[in-house]
Amino acid sequence: MATSLKIDDALKGRVQQLASQRRRSPHWIMLEAIQQYVEREEARESFKQEALASWAAYKETGRHLTGQEVRDWLNTWGTDDEKAVPECHD
């Protein structure tokens with residue numbers, strides 16, 4: 001699918017300069033930038049939706065872990081005494 005973008009001369013110059021430095025085409029630079037932006041925003045939206053679902057589950061059940069419980073568990077990661085995920089509680 002062909003798509004055109006209208007960018008100002010200053011940005012166009014910056015893209016061309018970067019493309020030259022990276023030995024890539026301006027097209028490659030712009031495509032890479034768009035792909036990275038979309039991936040980042042999709043990840044951000046996924047995180048947001050997961051957080052909203054977690055909040056809804058907490059409001060419904062009241063089950064949770066405290067921040068300290070999570071920190072204590074995470075501090076065991078990679079140690080000889082690595083702990084299992086703690087159980088949620090009311």
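This passage describes the helices, surface residues and side-chain contacts of a predicted model.

Helix α2 covers residues 26–61. Its 36 residues should span 52 Å at 1.5 Å a residue, and the C-alpha atoms at its ends are 52 Å apart, so the expected and computed lengths agree. Two residues of this helix illustrate its extent. His-27 is found in α2, and its C-alpha atom is 46 Å from that of Tyr-58, with the two positions 31 residues apart in sequence. His-27 is exposed, because its relative accessible area of 56% is over the 50% limit. Trp-55 also lies in helix α2. With 49% relative accessibility, Trp-55 counts as partly exposed, since the exposed class requires a value over 50%. The C-alpha atom of Trp-55 is separated by 29 Å from that of Gly-78, a residue 23 positions away along the chain.

The residues that flank α2 have notable backbone angles. The loop between α1 and α2 contains Arg-23. Phi of Arg-23 is positive, near 55 degrees, although the residue is not a glycine. Arg-23 is also exposed, with a relative accessibility of 76%. At the other end, α2 is followed by Gly-62, where phi is again positive, near 75 degrees.

A nonpolar patch is present on the surface. The patch is formed by Leu-5, Ile-7, Leu-11, Ile-34, Tyr-37 and Val-38, and together these residues have about 510 Å² of accessible area. The greatest contribution comes from helix α2, which provides 3 residues. Leu-5, another member of the patch, is found in the segment before α1, the helix of residues 9–22. The relative accessibility of Leu-5 is 53%, and therefore Leu-5 counts as exposed.

Charged side chains form 3 salt bridges in the model. In one of them, the side chains of Arg-40 and Glu-41 meet with an N to O distance of 3.9 Å. This pair is counted because the distance falls within the 4 Å cut-off. Arg-40 has a relative accessible area of 44% and is thus partly exposed. Glu-41 is partly exposed as well, with a value of 25%. Glu-41 also meets the side chain of Arg-44 in a salt bridge, with 2.9 Å from N to O. Both Glu-41 and Arg-44 lie in helix α2, where they are 3 residues apart, about one turn of the helix. An α-helix has 3.6 residues a turn, so residues three or four places apart point the same way.

Another salt bridge is formed by Asp-81 and Lys-83, whose closest N and O atoms are 3.0 Å apart. Asp-81 is partly exposed, with a relative accessible area of 48%. Lys-83 is likewise partly exposed, at 43%. Salt bridges with shared partners join Arg-40, Glu-41 and Arg-44 into one network.

Aromatic rings provide a further set of contacts, with 2 aromatic pairs counted. One of these is made by Trp-73 and Trp-77, with ring centres 5.2 Å apart and ring planes at 90 degrees, so the pair is edge-to-face. The limit for this class is an angle over 60 degrees. The two residues of the pair differ in their exposure class. Trp-73 has a relative accessible area of 18% and is buried, because buried residues are those under 20%. Trp-77, in contrast, is partly exposed, with a relative accessible area of 48%. A contact of another kind involves Arg-24, which lies over the face of Trp-28 at 4.1 Å from the ring centre.

Helix α3 comprises residues 67–74, and Val-70 lies within this helix. Val-70 counts as partly exposed, with a relative accessibility of 28%. Val-70 and Val-85 are 15 residues apart along the chain, and 8.6 Å separates their C-alpha atoms.

Notes: Residues are numbered from 1 along each chain as its sequence is written. This is a predicted model: local features need pLDDT of at least 70, side-chain atom pairs count only at pLDDT 80 or more; totals for chains, interfaces and linings use all residues. Side-chain values use heavy atoms; hydrogens and water are left out. Patches are made of residues with over 30% relative accessible area and no salt bridge: like charges are joined within 9 Å, nonpolar side chains (Val, Leu, Ile, Met, Phe, Trp, Tyr) within 5 Å. Accessible areas come from the Shrake-Rupley method with a 1.4 Å probe; for residues, only the protein chains shown count as cover. Helices (H or I, at least four residues) and strands (E, at least two) are DSSP runs, numbered from the N terminus. Buried means under 20% relative accessible area, exposed over 50%, partly exposed in between (1.4 Å probe, protein chains only). Rings of Phe, Tyr and Trp (its six-membered ring) pair if their centres lie within 6.5 Å; planes under 30 degrees apart count as stacked, over 60 as edge-to-face and the rest as tilted. A charge sits over a ring if NZ of Lys or CZ of Arg is within 6 Å of the ring centre and within 35 degrees of the ring normal. The expected span of a helix is 1.5 Å times one less than its number of residues.
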